[in-house]
Amino acid sequence: MADTRRVLVAPDKFKGSLTAVEVARHVAAGLRRAAPGTAVTTVPVADGGDGTVAAAVAAGYERREAVVTGPLGERRTARYALGGDGTAVVEMAEASGLRLLPPGRLAPLTATTYGTGELVRAALDAGARTVVLGVGGSATTDGGAGMLAALGARFLDGAGRPLGPGGGPLAGLAEADLTGLDPRLAGTRLVLAGDVDNPLTGPRGAAAVYGPQKGASAADVATLDAALAHYAQVLDGGRLADACGAGAAGGVGYAALAVLGAVFRPGIEVVLDVVGFGAAVAEADLVVTGEGSLDAQTLHGKAPVGVARAARGVPVVAVCGRLALDAEALAGAGIERAYALSELEADPERCMALAGPLLERLAMRIARDHLG
């Protein structure tokens, strides 16, 4: 009797269509239909942004909830994940995410990360000794000042009054009082998990690169960039403003590095550790990864490339909605072949609406091509 083939399915989400858990489920269904004897293991992944908590929960972490402050100051329920080893996974997008804003309510100058700090505090209350902070998908450009305020810092103007929320008011910062920071932070390991290496300020900084997608006009970008530069000077003389990842999530990366002593790591690497990818891939004969669009951005720290790099020589193929990389680029990233939904359905709207069944059909092709 032939040995059972073992496939590890480790995709990210198809944004706007399917979560990573749903993508994994559909791919597994197609593989099992086409190759019934195959042993399929699903390990949904993320790159530190949307879906990071869901990936941790799928890997066995306990789902927890906390009522926190949203990006516009509203109260909302946010999720985080807690592992049995005292590691908490906090997803900034749950508390301060762009997706939380009502349609037409972008607030580039005033959106706050206060709720992210409240989530970190909730994790500490639950006994976390290591906090993984996933920092993608934010609505904010406040340099993490809101997060630090929720953890006990005070940001004051020249008259000794607390600053208002958001990055705009940081231009008036006169004093940053960090003496009230939660003392538990000193004994907590904080891992900053992100997929960008931008500095805090300048032409590649948080405001210039990511501000426009959060609603910032050219004038707003200039205001925010100057405010963040001033903020950094007050906090640490600007020493870590150019650190790798300082510009992540509107400058939350800077606050985590400069004030909380965080260690920056690529988000996908952190998530692969959290979900136990190393042990799972050691048993695999084939890895199937993927995300909604395989394009030039994929090559800069996105989940499929991270999965391929961690595959330890196991062949890797990918599924996607849209493919914009040629065979040479895929091979350079460690991906043998990519299978796109657009091969089966050319209409983008139908492709997104039927993503689940189409993925199952692609998975059947993968089974025929690689498990025969």
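**Close-up 1. Threonine 130, a buried residue of the predicted model.** Threonine 130 has a relative accessible area of 17%. That value is under 20%, so the residue counts as buried. All views come from a predicted model. Threonine 130 sits in strand 6, which covers residues 130–134. Its contacts, leaving out residues up to four places away in sequence, are Gly86, Thr87, Ala88, Thr188 and Arg189. Arginine 189 is also the bridge partner of threonine 130 in strand 9.

**Close-up 2. The mixed sheet that holds strand 6.** This open sheet has 6 strands, in the order 3-4-5-6-9-10, and its pairing is mixed. Which strands stand at the edges? They are strand 3 (62–69) and strand 10 (263–266). Each has a single partner strand, so one side of each is left without a neighbour in the sheet. From one strand to the next, the twist averages 30°. Strand 6 and strand 9 (residues 189–194) run parallel and are joined by 5 bridges. Helix 4 (residues 114–125) packs on this sheet. Helix 4 touches strand 3, strand 4 (75–82), strand 5 (87–91) and strand 6. The direction of helix 4 makes about 135° with that of strand 3. Helix 9 packs on the sheet too, touching strand 5, strand 6, strand 9 and strand 10. Helix 9 makes an angle of about 85° with the direction of strand 10.

**Close-up 3. Helix 9 and the glycine that follows.** Helix 9 spans residues 267–274 and is mostly covered. Of its 8 residues, 6 are buried. The buried residues are Gly267, Ile268, Val270, Val271, Leu272 and Val274. After helix 9 comes glycine 276, with a positive phi near 75°.

**Close-up 4. The parallel sheet.** Here 5 strands form an open sheet in the order 2-1-11-12-13, and the pairing is parallel. Strand 2 (39–42) and strand 13 (337–340) are the edge strands. Each pairs with a single partner strand, so one side of each has no neighbour in the sheet. Neighbouring strands are turned by 25° against each other on average, direction ignored. Strand 1 (residues 6–9) pairs with strand 11 (residues 286–294) in the parallel sense, over 3 bridges. Within this pair, leucine 8 has valine 287 of strand 11 as its bridge partner. Helix 14 (residues 355–370) packs on the sheet. Helix 14 touches strand 11, strand 12 and strand 13. Its direction makes about 150° with that of strand 13.

**Close-up 5. Helix 1 across the parallel strands.** Helix 1 (residues 20–34) lies across strand 1, strand 2, strand 11 and strand 12 (316–323). Helix 1 runs at about 175° to strand 2. Its 15 residues reach 21 Å from the first C-alpha to the last, close to the 21 Å expected at 1.5 Å a residue. Which residues of helix 1 are buried? They are Ala20, Val23, Ala24, His26, Val27, Ala28, Gly30 and Leu31. Their cover includes strand 1, strand 2, strand 11, strand 12 and helix 14.

**Close-up 6. Strand 12 to strand 13.** Strand 12, helix 12 (residues 327–332) and strand 13 make a right-handed β-α-β unit. The two strands pair in the parallel sense over 4 bridges. One bridge joins alanine 318 to alanine 338 of strand 13.

**Close-up 7. Two nonpolar cores.** The largest nonpolar core has 53 residues. Leu148, Phe155 and Tyr231 touch the most other members. Tyrosine 231 contacts Asp142, Gly143, Gly144, Ala145, Leu148, Phe155, Leu170, Leu173, Tyr254 and Ala255, leaving aside neighbours within four places in sequence. Another core, of 38 residues, lies apart from the largest one. Leu8, Ala55, Ala280 and Cys320 are among its members.

**Close-up 8. Two loop residues with positive phi.** Alanine 249 lies in the loop between helix 7 (218–236) and helix 8 (252–258). Its phi is near 55°, a positive value in a residue other than glycine. Arginine 312 lies in the loop between helix 11 (303–309) and strand 12. Arginine 312 is not a glycine either, yet its phi is positive at about 55°. Buried or exposed: what is the state of alanine 249? Alanine 249 is buried, with a relative accessible area of 9%. Arginine 312 is exposed, with a relative accessible area of 62%.

Terms used
Residues are numbered from 1 along each chain as its sequence is written. This is a predicted model: local features need pLDDT of at least 70, side-chain atom pairs count only at pLDDT 80 or more; totals for chains, interfaces and linings use all residues. Side-chain values use heavy atoms; hydrogens and water are left out. Buried means under 20% relative accessible area, exposed over 50%, partly exposed in between (1.4 Å probe, protein chains only). Contact means heavy atoms within 4.5 Å. Two strands pair if DSSP finds at least two bridges between them. Axes are lines fitted to C-alpha atoms, for helices over the stretch in contact, and angles run from 0 to 180 degrees between N-to-C directions. A nonpolar core is a set of buried Ala, Val, Leu, Ile, Met, Phe, Trp, Tyr and Cys residues joined through side-chain atoms within 4.5 Å. The expected span of a helix is 1.5 Å times one less than its number of residues. A crossover is right-handed if, with the strands pointing away from the viewer, the path from the first strand over the helix to the second runs clockwise.
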